[in-house]
Amino acid sequence: MADNNTPMPIDGACAEAVRDLIARRAEVAHSGVEVQAAEPLPWWRSLVRRLSHETPDAHHPAVPAVAGAPWQDRPSPERRGWRSRSAYLKGGEEPVAEVDYQTCMACRLGSVEQPYTLPRFQRRGLAAAALAALRAEHPGLSWHTLGGHIDGSPAFWDTVGADIPGGYRPRGVCAHVTPGG
């Protein structure tokens with residue numbers, strides 16, 4: 001049995017495709033769809049949402065992926081007011097890795113949440129590449145996470161946060177943005 005630090009085996013062609021995807025992390029197709037800020041819900045709507053177990057964006061349609069683009073940026077399907085950065089292997093229809101993010105230029109803050117990589121592709125650098133690309137696109141920000149997922153992967157956050165302003169340490173979002181709709 002492999003330990004938690006050993007990547008699952010993948011064939012040579014797949015490993016090469018992952019390396020190519022990481023090398024192309026700056027090639028991002030932007031959906032052109034702006035995120036909509038999450039407006040406070042009326043008290044009755046919040047109650048209905050809780051009672052019906054409705055997801056926060058059940059009425060917020062997902063933006064389809066751009067065919068053939070290795071990295072894609074579009075509104076998050078799970079968090080109103082956030083964006084999602086996703087990685088697609090050549091010919092793939094589903095992302096192999098993605099992370100939700102939000103930036104506030106007024107406060108010079110970047111927030112990331114819910115990084116996910118398919119188990120077969122974990123520990124190959126895809127999540128780190130996504131975070132590096134976001135930092136390159138938004139220079140000068142202090143990067144943090146809301147912290148809801150950090151307990152399961154402290155070594156990852158320590159590694160990707162080394163020498164990064166903010167270090168991806170847990171922090172709430174500023175007053176200009178929303179925590180997740």
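Here are some questions and answers about this predicted model.

Q: Which element of the chain has the highest mean pLDDT?
A: Let's start with confidence: the chain as a whole has a mean pLDDT of 80, and 71% of its residues reach 70 or more. Among the elements, helix 2 (residues 43–52) sits at the bottom with a mean of 55. At the other end of the range, with a mean of 95, is helix 3.

Q: How many contacts beyond four places in sequence does the model have for residues 55–60?
A: Take some care here, because where pLDDT is low, the predicted coordinates should not be read in detail. Residues 36–41 have pLDDT below 50, with 10 contacts beyond near neighbours in sequence. Over residues 55–60 pLDDT stays under 50 as well, and the number of such contacts in the model is 17.

Q: Are the ring planes of W143 and Y168 stacked, edge-to-face or tilted?
A: The structure holds three aromatic pairs, and W143 with Y168 is one of them. Their ring centres are 6.4 Å apart, and their planes meet at 40°. Stacked would need an angle under 30 degrees and edge-to-face one over 60, so this pair is tilted.

Q: How many residues apart in sequence are the parts that W143 and Y168 tie together?
A: W143 belongs to strand 6 (residues 142–145), whereas Y168 is in the loop between helix 4 (154–161) and strand 7 (169–170). Both residues are buried. Because they come from these two places, the pair ties together parts whose separation in sequence is 25 residues.

Q: What is the angle between the ring planes of W157 and Y168?
A: W157 lies in helix 4 and Y168 in the loop after it, 11 residues apart, so the pair links distant parts of the chain. W157 is buried, as is Y168. Their ring centres are 5.4 Å apart, and the pair is tilted because the planes are at 50°.

Q: Which residues form one aromatic cluster?
A: Y168 pairs with W143, and Y168 also pairs with W157. F156 belongs to the cluster too. The full membership is W143, F156, W157 and Y168.

Q: Which residues touch the most other members of the largest nonpolar core?
A: This core has 27 residues. Helix 1 (12–23), strand 4 (97–104), helix 3 (126–137) and helix 4 each supply at least two of them. W71 has contacts beyond four places in sequence that include L21, V28, L126 and A129. The residues touching the most other members are W71, V112, L126 and Y168.

Q: Is S84 buried or exposed?
A: S84 is found in strand 3 (residues 83–87). Its contacts beyond four places in sequence include Q72, P75, E98 and D100, and its side chain makes a polar contact of 3.4 Å with that of D100. Its relative accessibility is 2%, and since the cut-off is under 20%, S84 counts as buried.

Q: How far apart in space are C14 and F121, C-alpha to C-alpha?
A: C14 lies in helix 1 and is buried, with a relative accessible area of 10%. Beyond four places in sequence, C14 is in contact with L89, R120 and F121. C14 and F121 are 107 residues apart in sequence, while their C-alpha separation in space is 9.4 Å.

Q: Where does the charged end of R79 sit?
A: The group in question is 5.3 Å from the centre of a ring. A charge counts as over a ring within 6 Å of the centre and within 35 degrees of the ring normal. The charged end of R79 sits over the ring of W82.

Note on methods: Residues numbered from 1 in each chain as written. Heavy atoms only, no water. Phe/Tyr/Trp six-rings, centres within 6.5 Å; stacked < 30°, edge-to-face > 60°. Helix = DSSP H or I, 4+ residues; strand = E, 2+ residues; numbered from the N terminus. Buried < 20%, exposed > 50% of the residue type's maximum accessible area, 1.4 Å probe, protein only. Polar contact = N/O pair within 3.5 Å; in protein donor to acceptor, adjacent residues only side chain to side chain. Contact = heavy atoms within 4.5 Å. Core = buried A, V, L, I, M, F, W, Y, C linked by side-chain atoms within 4.5 Å. pLDDT = per-residue confidence, 0-100.
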